[in-house]
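Trainee: I am new to this structure and would be grateful for a close look at a single part of it. Please then set that part beside a few other places in the chain.

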Amino acid sequence: MARLTHGAEDTSYVELHTHSAFSFFDGSATPEALVRRASELGLSSVALTDRDDLGGVVRFASSCEDAGVVPIVGAEVSLDGHGCVVLLAQDACGYRNLSGLITRGRMQSERGLPSVGLHALDAHHGGLVCLSGGREGRLEWLRDRRGARASFELAGQLAEIFEGAFYLELNDHGLNEDVRRAQDTLALARRLDLPWLVTGDVRYARADDKAIHDALICIAQQTSLPEAGDRLFPSAGRRLRSAREMRQLFRHAPEGVTRTLEVAERCRFRLLEDLRPGLPRFPLPRGVKDGDALLRALVEEGLRRRYPKTTTRHRAQVEHELTTIRHLELAGYFLIVHDIVRFARSVDVLVQGRGSAANSVVCYCLGITSVDPIGLDLLFERFLSEGRSEPPDIDLDIAHQRREEVLQYVYDRYGRDHAAMVAETITYRAKSAVRDAARVVGLPLDVANRLAKEVGHRVATDARSPGAKSAADRLMRTGLARVGLDARAPRVAAMLRIVRGLEGLPRHRSIHVGGFVLTSEHLGSVVPIEPASMPGRSVIQWDKDDLAPVGLVKIDLLGLGMLTLLQKAFARAKQTRGLTLALHTLPADDPETYAMIRAADTVGCFQIESRAQMSALPRNAPTRFYDLVVQVALIRPGPIQGEMVHPYLERRRGREAVSYLHPVLEPALKRTLGVPLFQEQGMRVAVVAAGFSPSQADGLRRAMGMRRSSDRMESLARELEQGMQARGIEASVAKRIVKQLAAFSSYGFPESHAASFALLVYASAYLKRHFAPEFYAALLDAQPMGFYSVGSIVADAKRHQVEVRPPDVALGDWESRLEPIADGAHPHALRLGLGLITSLGARARERIEAACAQGAFVSIEDFARRSELPRHLLTALARAGALDSLLPQDAPRDRRRALWEVLRVARTPAGPFDQRRPDAP
């Protein structure tokens, strides 16, 4: 990427102290914005030093690489009772010490208040340069004697710890007090014979961005601009400055400016080149020489099981994939994932791999995935190739009610020091930016909420409008008028500016839905770890998108309700009918199942139960498995917005002719009737039309799918056009193909992902058609999931001639059960479980189960006395029919009579609802 400098590069100063927005509410620029500004100012190098955080360093290093700026990785680290110091990594050892110190400060301190002691610095100072810290540091030569003595002692301790790598830090932000601070710091430097240097103690890229930083301070302090007072910095001096500005600012002390080059020269650590963490070594059985040999043995065993009639094509594909895995040294990764799947199945937890892993026959043979990639002609290079710069990504869907067992197995197997979950950086979106900005400028809370609601309402209608790119733009169009505000008013104008500045900035960090990272070395020395809000979890500071550039491998362990349903249904079928069912043993292409799908009778079926799916099913009219693959990918926001749904369905019904922009595209697009739907199709088009290698094609896929990749995309578009023209495709046609690829890339769905989901679509529909009682019992017990309420599911079960019986406290079953019947449409009736009564919770369950353990109930009064449930819960049980069986034998079994009996018991003076004693909780 070309340098963005406005003038010649000036190498007389390097900025060593900057905060990005990953200092959370104490920095108002993204790492990319800081690097962009540094490049514009001609700075040859810049450091990122967020407070107790390395969450932005991967984005920072990647941006520096693109901009030609040398990155220095560091952080402000909080000290116990001593403010903070700035630590910069000189080498890989220094980086690991820095990450380890931040991990220690986060894990061993109160959540949100990290800090480390001097003894920790002393134990982990190797490879680090230490600066005394900026305005928030405590190394100031204070006027009073006590403060002077403390500063002197602390500076001496730090100088001793860092052995020639400790520098006092000066700042000048245009305030009178900065002169006194500088004089005191220089006096301390002379007294202790310490080197000193200057920094900008930067909080934003440009002076104009101070308003956004002020807003962030107000948000953090829960105040507004009119009330913030001296909590806001009085000048815009904490912006990124050029070397020329710094030389002018410190013209009477130029050595402090040039000394920054000395520090920059010491800091030779390069994150993207020097940090390559490895996976834990997988334990090998005795006699097996290496991981590749063990992997080959496991795949050969699976090959015989998955493909009883093995062909030359099968063996060739296996050999190709194993060779690629060996060259990339990833055997351990596949063994680890296989081990997780093995454990899950050993404890009867249903698990299935999906995503691009479904393109791999190795994953299929290992039992990680359940879709045959050879039968579906899936592209392996979409998953893994020697030309890819990123590691493979395997997603494991796990029955959601038992996922925690698998997560804890991973923690226990590899240890908390080597395993943690991935973070997800939550950024400001339209509604949150508007709500916070309105509060910052002092607008009333109700107005802030109305504005947020208004901008949220307009997202859907204005998102595609070129004049409404941001929340502020959407508000400007009509939203302000709706709530009675004038955009020209100073306070409203300030709010709109703040909204524009906030959108896209990191707001907080949360735990990823299921991403795990594992390392052979201590993970906290690779990336800082901090405790998650959820007990028993720890999370790294890097976002899921920041792992690939440094070679960290992620394994997604995701909870999926449909797998819980299938697992429960399989178990019930074995219990009630003696049948052993599994995903890979269900009869394929069952006509009755497809007839039910074509009729849109799909309540409770995976992925095809929404109204939009039901509307499309009769028109798509699936008759085979691949039709379900298309169905999963077709009815999604991307294809709908890309206007691909109608052309496909019209061609499917024979109302529109199938056509291609060029005959060479037919092999890639034939299965989807000339309409591009899948990412793999885009890759195949690049291969067959432009001569791209599989690795180049995968690079195209990633470039099309990434934000901030316009330059790379333009370069690839030129290569595509040149490649197509070299193969005889006219220039005008080549441009149209490239344009279609670019448009399709925004919504293209992985074919392998759709195939994995389609298997669950078919399995759920097959069970509904042939094992209805088991299906509905499992569906109810797996709630909440899907689109439909319990009442709707029960009504659908009755439509399918399943006899549904009410819950019964006499049975005490929390989950639904199946009861044999002799003369029904199905061999079993469905007895609803007590857990479906929404008012009942865990304590009520304990009381009911304890009461049942004492013996059979003789009446409603007996149940009420023994369970000690409060009146409202007994009433809920009566309304659900759960007390009907406790009515006298000669009385009609009627929910109204049961309710009357509850009310009668409640009026009995000595009964369980005696007013002299409180209701049980």
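Mentor: Let us take helix α21. Among the elements that cover its buried residues are β7 (351-354), β8 (394-399), β13 (554-560), α32 (751-770), α33 (772-781) and β15 (817-820). Helices (H or I, at least four residues) and strands (E, at least two) are DSSP runs, numbered from the N terminus; contact means heavy atoms within 4.5 Å; and buried means under 20% relative accessible area, exposed over 50%, and partly exposed in between, with a 1.4 Å probe and protein chains only.

The model is predicted, so local features need pLDDT of at least 70 and side-chain atom pairs count only at pLDDT 80 or more, while totals for chains, interfaces and linings use all residues. Residues are numbered from 1 along each chain as its sequence is written, and side-chain values use heavy atoms, with hydrogens and water left out.

Helix α21 (residues 561-577) has 17 residues, which at 1.5 Å a residue should span 24 Å, and its end C-alpha atoms are indeed 24 Å apart. The expected span is 1.5 Å times one less than the number of residues. The helix is mostly covered, with 12 of its 17 residues buried; among them are Gly561, Met562, Leu563, Phe570, Arg572 and Ala573. Just after α21, Gly578 takes a positive phi of about 70°.

A second helix to consider is α4 (residues 118-123), where Leu121 has its place. Leu121 is buried, with a relative accessible area of 0%. Not counting residues up to four places away in sequence, Leu121 touches Leu79, Leu87, Leu101, Leu158, Ile161 and Phe162.

Aromatic rings offer a further view. Rings of Phe, Tyr and Trp (its six-membered ring) pair if their centres lie within 6.5 Å; planes under 30 degrees apart count as stacked, over 60 as edge-to-face and the rest as tilted. By this rule the count comes to 15 aromatic pairs. Tyr333 and Phe334 have ring centres 5.6 Å apart and planes at 80°, so the pair is edge-to-face. Tyr333 is buried, at 0% relative accessible area, and Phe334 is likewise buried, at 0%. Ring pairs link Tyr333, Phe334, Phe380 and Phe383 into a cluster.

Finally, a charge sits over a ring if NZ of Lys or CZ of Arg is within 6 Å of the ring centre and within 35 degrees of the ring normal. Arg238 lies over the face of Phe233, at 4.7 Å from the ring centre, and Arg416 lies over that of Tyr411, at 3.7 Å.
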